[in-house]
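Subject: Structure for you to look at, with notes

Dear colleague,

I am handing over the structure below, and I would be glad if you could read the notes that follow with the model open beside them.

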Amino acid sequence: MRTCLTICSLVIALAPPVAAQTSVTGVRPLVFGIVFPGVPRAVPRTDAANSGQFDLRGRGGGRQVLLTFTLPTLMTGPAGATMPLAFGGNDAGFSVSQSVNNQVAFDPRAPYRPTLSNNGRGSVFLGGTANPSVGQRAGNYTGTITLTVVFF
Amino acid sequence: MHTATKVTVLALALVAAGAVTGQAQNNATVNVTAAVQQPVVVVKTRDLDFGLVFPGVNKQITLGSASAGTFAVTGQASASVNLSFVVPGNLNLGPTLLPVTWDGSWNTANAAGGTTFTPSAALTPATLSGTGGLFVFVGGTVAPIVSQAPGNYTGTVTMTVTYQ
Amino acid sequence: MPRPLLISLILALGAARPLAGQGVLVAPHAIYIDHARRSGTVTLYNPNPDPAEVTIWTAFGYPVSDSLGRFALRTVDQPDSTLPSAAAWVQAFPRRLTIAPLQRQTVRLLASPPAGLPDGEYWARLIISARGGKVPVAGVAETTAVRVQLNLVVNTNIGLAYRKGPLATGVTLSKLRARLVRDSVAVWSRLERRETAAYVGTVRAALVDSTGKVRSTLSAPIAVYFVMEPRYALSVAGLAPGAYWLRYELVTDREDLDPAVVLKAPAVRDSLLVHLP
């Protein structure tokens with residue numbers, strides 16, 4: 001009985017509830033604002049107001065994570081109209097200090113393995129380019145960006 | 001197997017299983033948004049240039065001249081617009097006057113041979129092309145007298161483009 | 001010729017300065033302000049290499065058609081209470097600004113309607129006036145030449161509507177008629193606005209031959225505030241002689257405006273038979 005209790009306690013101690021200690025949160029959308037037909041509009045990842053932002057929270061400090069974006073190629077607007085989106089090799093950034101002014105750039109089109117801060121935090125910033133056509137229909141367009149984070 | 005050993009093996013298995021589930025995967029989404037607005041714009045694409053002006057010699061810039069002023073109007077395809085102008089009858093150097101008259105035309109192609117009009121405050125109707133374009137050409141004639149005083153004669157031309 | 005006069009003639013050969021000036025991009029090209037928010041915005045963009053000095057003001061006016069069926073703007077300097085004018089109580093902030101080259105500027109439009117304003121739609125015109133940067137005059141020290149320097153001011157005049165309460169729109173179509181003019185069929189109609197808000201939509205016309213095939217089409221934006229008799233032209237160049245159906249309709253579908261601001265109304269249609277010689 002004592003052995004069982006000891007072992008059970010050890011199991012519980014060694015197998016903590018991981019899910020409760022890691023999280024990724026979408027903090028801010030990527031906002032292109034007003035766009036004119038035929039005029040591409042770029043939002044840099046360093047734009048504090050309009051770049052997309054995700055905050056990461058991991059267990060412990062100095063842990064690596066694996067970041068993978070699912071990026072839309074189009075935004076959808078009125079009457080089914082679509083507007084192309086493009087993401088370049090410099091359009092994402094990771095910040096251990098969670099500051100838009102202090103990022104390490106990476107390509108959002110490929111997986112990326114940064115290291116969280118000593119307190120298990122980090123932020124991911126994302127820019128991009130909207131490419132409206134000359135005949136782009138007026139109205140509001142939206143899309144969804146997904147960031148998948150694997151915490152090791 | 002001894003009971004303690006069984007429990008140990010079970011515990012180790014649970015620990016091993018827990019080590020696998022310690023690699024957590026989360027995901028989150030944010031929206032990406034844009035608002036497309038159809039603009040209207042009037043851009044000067046070429047200056048109206050009178051070039052050399054000789055006292056006593058009228059100088060005309062025709063609408064088809066490479067020196068005629070040209071404006072490009074862009075807006076909604078096939079939209080109806082109005083053009084109106086405020087143009088001076090004289091250019092001024094202080095109290096000294098240099099008479100000037102004006103000519104205009106508009107076209108959906110970038111060629112002066114379109115619909116002619118006299119730039120004035122009266123509304124001139126025009127229609128943008130099927131791709132939302134319109135070109136406005138402005139020419140004129142200055143009439144310096146023989147004793148026209150040298151100097152920099154100035155004037156202001158105001159063009160208004162009105163949309164429905 | 002006396003030498004001094006010869007010299008003065010030679011020196012009088014001045015190089016005239018070209019006309020300088022520019023406009024700014026204005027978006028959207030029609031402003032809609034809701035009573036619940038009482039504010040709107042217009043975005044200005046300077047596409048030129050020089051700064052643009054911009055002034056903004058309001059006036060009252062609405063589109064009409066002239067005797068030839070062409071679009072015109074009726075302006076009223078002092079609209080009385082019978083006219084739904086918002087010009088006196090809509091203001092732009094800032095009203096004067098300078099936009100640097102290749103830069104945008106958002107201008108806020110704030111409405112201060114009178115207390116007890118009845119439900120309805122109220123109209124104004126927004127005028128955006130842009131003056132380009134000054135062109136330096138070359139050879140300033142040479143004061144004996146005749147030079148011409150023209151400053152250009154470009155005004156963009158767009159519509160503004162203030163909406164309070166539940167609104168509806170509609171249009172009646174009558175007096176559809178057509179006449180062959182050279183290589184076009186000129187189409188006229190009488191359009192009369194119904195309900196409380198201006199009708200904003202698209203005119204579509206088509207010529208259909210006896211086999212049902214569409215041979216010529218026309219699509220143009222339109223706004224009917226009171227009554228209009230617009231004229232449109234459908235090309236018939238190259239079409240064989242014979243009878244064609246002219247199909248004419250108005251729909252509240254606009255690709256150049258945010259669908260959220262376009263009030264919906266049932267389409268109105270009419271048709272008539274046209275004979276091409």
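Two strands are said to pair if DSSP finds at least two bridges between them. Helices (H or I, at least four residues) and strands (E, at least two) are themselves DSSP runs, numbered from the N terminus. With that in hand, an open sheet in chain C has four strands in the order β2-β4-β10-β8, with antiparallel pairing. Its edge strands are β2 (25–27) and β8 (90–93) of chain C, each of which pairs on one side only. Neighbouring strands of this sheet are turned by 25 degrees against each other on average, direction ignored, where axes are lines fitted to C-alpha atoms, for helices over the stretch in contact, and angles run from 0 to 180 degrees between N-to-C directions. Within the sheet, β4 (residues 39–45) and β10 (residues 104–111) of chain C run antiparallel and are joined by seven bridges, and T41(C) has R108(C) in β10(C) as its bridge partner.

Please keep in mind that this is a predicted model, in which local features need pLDDT of at least 70 and side-chain atom pairs count only at pLDDT 80 or more, while totals for chains, interfaces and linings use all residues. Residues are numbered from 1 along each chain as its sequence is written, and chains are lettered from A and ligands numbered from 1 in the order in which they are written.

On confidence, the model scores ipTM 0.86 and pTM 0.83. For chain C the mean pLDDT (the predictor's confidence in each residue, from 0 to 100) is 88, and 88% of its residues reach 70 or more. Two stretches of chain C call for caution: pLDDT stays under 50 over residues 1–21, for which the model has 54 contacts beyond four places in sequence, and also over residues 135–142, for which it has seven such contacts. A contact here means that the C-beta atoms of two residues, placed from the backbone, lie within 7 Å. Chain B averages a pLDDT of 86, with 87% of the residues scoring at least 70; its confidence is lowest in helix α1 (residues 3–21) of chain B, at a mean of 50, and highest in strand β8 (residues 96–107) of chain B, at 95.

As a whole, chain C has one helix and 20 strands. Of its 277 residues, 39% are buried, which is to say that 20 or more other C-beta atoms lie within 10 Å of the residue's own (exposed is 12 or fewer, partly exposed in between, with C-beta atoms placed from the backbone). Among contacts in chain C between residues at least 6 apart in sequence, 74% join residues at least 24 apart.

Several further strands of chain C can be followed through their pairing. Strand β15 (residues 199–208) is joined to β19 (residues 242–251) by seven bridges in the antiparallel sense, with A205(C) opposite Y248(C). β19(C) is in turn joined to β20 (residues 268–276) of chain C by nine bridges, again antiparallel, and here R247(C) stands opposite S271(C). Strand β14 (residues 184–195) of chain C pairs with β18(C) in the antiparallel sense over five bridges, and A186(C) stands opposite A233(C). Along β18 (residues 231–235) of chain C, the side chains of Y232(C) and L234(C) point to one face and are buried, whereas R231(C), A233(C) and S235(C) point to the other and are not. In a regular strand the side chains alternate between the two faces of the sheet.

One residue you may wish to find is A178(C), in strand β13 (residues 169–181) of chain C. A178(C) counts as buried because it has 21 C-beta neighbours inside 10 Å. Leaving aside neighbours within four places in sequence, its contacts are V185(C), A186(C), V187(C), L246(C), L272(C) and V274(C).

Finally, the contact between chains B and C takes 45 residues from chain B and 46 residues from chain C. β12(B) gives the most to the side of chain B that touches chain C, with 13 residues. Twelve bridges join β12(B) to strand β12 (residues 146–164) of chain C, and these two run parallel; M159(B) has V154(C) as its bridge partner.

With best wishes
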